[in-house]
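Subject: Structure for you to look at

Dear colleague,

I am passing on the structure we spoke about, and I would be glad if you could open it before reading further. My notes come after it.

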Protein chains: 2
Amino acid sequence: MGLKSVSETKLNPNVSVDCVIFGFDSEKLKVLLIDRGQEPGAESEKVYALPGNLIKTDENLDQAADRVLKELTGLKNIYLEQFGSFGNPDRLNKESDLQWLKSIRAEPDARVITVAYYSLIKIDQYELHASSFAKEAFWYDIDDLPTLGFDHLEIIEAGLKELKFKSKYEPLGFELLPEKFTLSQLKHLYEAILGTDLDKRNFRRKILKKDFLIPLEEKQIGVPHKPAQYFVFNKKKYEDYRQNVDDFYFQL
Amino acid sequence: MGLKSVSETKLNPNVSVDCVIFGFDSEKLKVLLIDRGQEPGAESEKVYALPGNLIKTDENLDQAADRVLKELTGLKNIYLEQFGSFGNPDRLNKESDLQWLKSIRAEPDARVITVAYYSLIKIDQYELHASSFAKEAFWYDIDDLPTLGFDHLEIIEAGLKELKFKSKYEPLGFELLPEKFTLSQLKHLYEAILGTDLDKRNFRRKILKKDFLIPLEEKQIGVPHKPAQYFVFNKKKYEDYRQNVDDFYFQL
DNA sequence: TCTACTAAGTGTTATATTTACACTTTAATT
DNA sequence: AATTAAAGTGTAAATATAACACTTAGTAGA
């Protein structure tokens with residue numbers, strides 16, 4: 001049985017979830033991929049994938065995403081946000097993908113629609129523990145991705161677009177940075193996501209005006225330059241803010 | 001077999017699409033619902049639904065949405081945008097919904113995940129022709145909805161939220177108004193969606209500054225007041241605009 | 001033909017937001 | 001003591017927003 005064994009509850013053969021986990025390492029934006037552990041017949045190129053799998057019949061989509069992510073990468077308690085569904089009949093057009101499905105699925109030929117989730121986390125705050133059919137989980141630089149199975153490249157691109165977009169009208173960063181952090185770190189985060197440089201003074205002014213940041217007395221120590229002040233998030237204000245995205249901005 | 005007969009290609013028993021079609025009649029915002037044609041056992045309340053059905057195994061999600069909408073309401077060539085997936089195991093918690101499924105589905109008990117689409121159209125530009133299991137299709141005032149099956153109320157609310165949100169950072173109106181239209185008509189459209197009043201002068205200034213509107217020489221005739229100037233959309237600029245939503249606004 | 005009615009169309013001012021831009025400060029390192 | 005590195009700070013100009021009321025061009029009816 002091995003890989004084909006499943007837990008007590010039944011799998012829905014036609015619906016899966018995939019997780020696009022973006023990671024920030026204080027420097028660059030990365031994405032989490034798994035090694036499916038497939039030994040290519042010959043020396044064909046290795047193919048990576050997003051952590052994802054079929055949903056169970058007794059869980060909802062959000063629960064499935066949480067479970068699958070945990071099963072494959074060890075990550076848990078991550079806030080996942082749904083951003084789209086992907087269901088082209090030709091999602092499954094690579095021979096290597098089909099081979100792989102045959103090794104893990106009861107119905108490898110079934111037409112699968114996948115519901116995609118994304119999150120953005122602080123890389124060094126979480127430890128990866130690949131398991132189930134994931135041989136290993138890795139962080140890949142967002143602009144240097146390996147070959148991906150199925151339509152996972154398309155899914156990642158859609159997720160990145162969503163992330164960039166969201167970052168423009170919602171505050172980001174909570175849970176993404178250390179408990180206490182400097183404004184430079186927060187600025188770097190935005191710059192990594194948006195792929196642009198931001199003006200230091202304007203950034204500070206803007207982010208401090210919204211008041212979901214609380215300045216601490218504490219400063220950096222041991223740095224070979226003027227030490228930066230630490231800040232923490234005001235979680236309550238921050239949550240309020242996200243709730244009201246709706247009223248937040250009226251463009252036209 | 002009647003209702004249970006299906007066309008040549010197989011249905012995926014676990015995945016459906018639902019369409020939230022918002023309609024604008026120059027006055028109010030409405031949503032399109034179908035009468036499932038169910039005769040309640042007793043005099044129990046009539047239950048309405050969004051146009052939606054299972055997808056076929058050989059079509060993608062967008063195609064399924066187009067097809068299902070056309071089959072149930074006669075509407076075609078409508079731009080549908082996906083906005084979310086809904087898949088709580090308890091979507092199916094009303095007895096009347098189960099009864100109804102038994103009358104039309106091969107596997108009425110199957111766990112179904114639905115992918116939701118929305119659109120916004122000009123009501124009097126389209127004719128409704130209910131068919132398949134839809135006995136009739138109606139426009140309902142968005143703030144006076146009848147009893148709805150499944151989780152369709154939740155889906156409509158999510159769709160409306162999306163629509164309001166989108167209207168704040170994307171130009172709306174193309175395909176929603178007559179070929180040529182007045183600024184008042186466009187303003188009414190925004191007011192209907194946002195549920196607020198807008199200042200005439202500020203609205204004009206703002207919308208004219210973006211230049212996706214082309215003024216015509218032509219004016220209204222026969223109106224018992226100063227005739228309004230007609231405008232048409234500059235489709236090219238308008239499309240550019242939507243493409244670049246990404247760079248469009250940088251809030252933080 | 002005059003009057004009343006209706007919606008279209010128009011401009012200004014005060015306030016808030018955005019952008020661009022360069023020097024001083026504080027620490028560690030040599 | 002001099003060097004290096006990033007933190008931190010202010011201003012002015014340009015742009016965007018919000019609030020607000022009167023005139024105009026037509027129809028309809030007296």
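Below I go through the two domains of chain A and then the surroundings of DNA strand D.

Please keep in mind throughout that this is a predicted model.

**The two domains of chain A**

The domain assignment divides chain A into domain 1, covering 2–166, and domain 2, covering 171–243. Where the two touch, domain 1 of chain A contributes 10 residues and domain 2 of chain A contributes 11 residues. Together they bury an area of about 1000 Å², and carbon and sulfur atoms account for 66% of that area.

As for charged and polar pairing, the count of salt bridges between domain 1 and domain 2 of chain A is 0, and the search for residue pairs in polar contact across this interface, with both residues at pLDDT 80 or more, likewise returns 0. On the side of domain 1 of chain A that touches domain 2, the elements that give two or more residues are strand S6 (113–122) and helix H3 (152–169) of chain A. Of these, S6(A) gives the most, with 3 residues. By class, that side of domain 1 is made up of 6 nonpolar residues, 1 polar residue and 3 charged residues.

**Around DNA strand D**

DNA strand D is surrounded by 23 residues, and the closest of them are A:Ser184, A:Arg204, A:His225, A:Gln229 and B:Pro224. If one takes the atoms of DNA strand D that lie within 4 Å of the protein, 43% belong to sugar or phosphate, while the rest belong to bases.

Three contacts to base nitrogens of DNA strand D may be worth displaying on your screen:

- An N or O atom in the side chain of B:Arg201 lies 3.1 Å from a base nitrogen of DNA strand D.
- For B:Asn202, an N or O atom in the side chain is 3.1 Å from a base nitrogen of the strand.
- In B:Pro224, a polar backbone atom is 2.6 Å from a base nitrogen of DNA strand D.

The elements that give two or more residues to the surface near DNA strand D are helix H5 (200–209) of chain A and helix H5 (200–209) of chain B, and the largest share, 5 residues, comes from H5(B). Sorted by class, the surface near DNA strand D holds 11 charged residues, together with 6 polar and 6 nonpolar ones.

With best regards

How values were computed:
Residues numbered from 1 in each chain as written. Chains lettered and ligands numbered in written order. Predicted model: local features only at pLDDT ≥ 70, side-chain atom pairs only at ≥ 80, totals over all residues. Heavy atoms only, no water. Domains from an automatic or database assignment. Contact = heavy atoms within 4.5 Å. Buried area = accessible area lost by both parts, 1.4 Å probe. Salt bridge = Lys/Arg side-chain N within 4 Å of Asp/Glu carboxyl O. Polar contact = N/O pair within 3.5 Å; in protein donor to acceptor, adjacent residues only side chain to side chain. Helix = DSSP H or I, 4+ residues; strand = E, 2+ residues; numbered from the N terminus. Nonpolar A, V, L, I, M, F, W, Y, C, P; charged D, E, K, R; others polar. Near = heavy atom within 4 Å.
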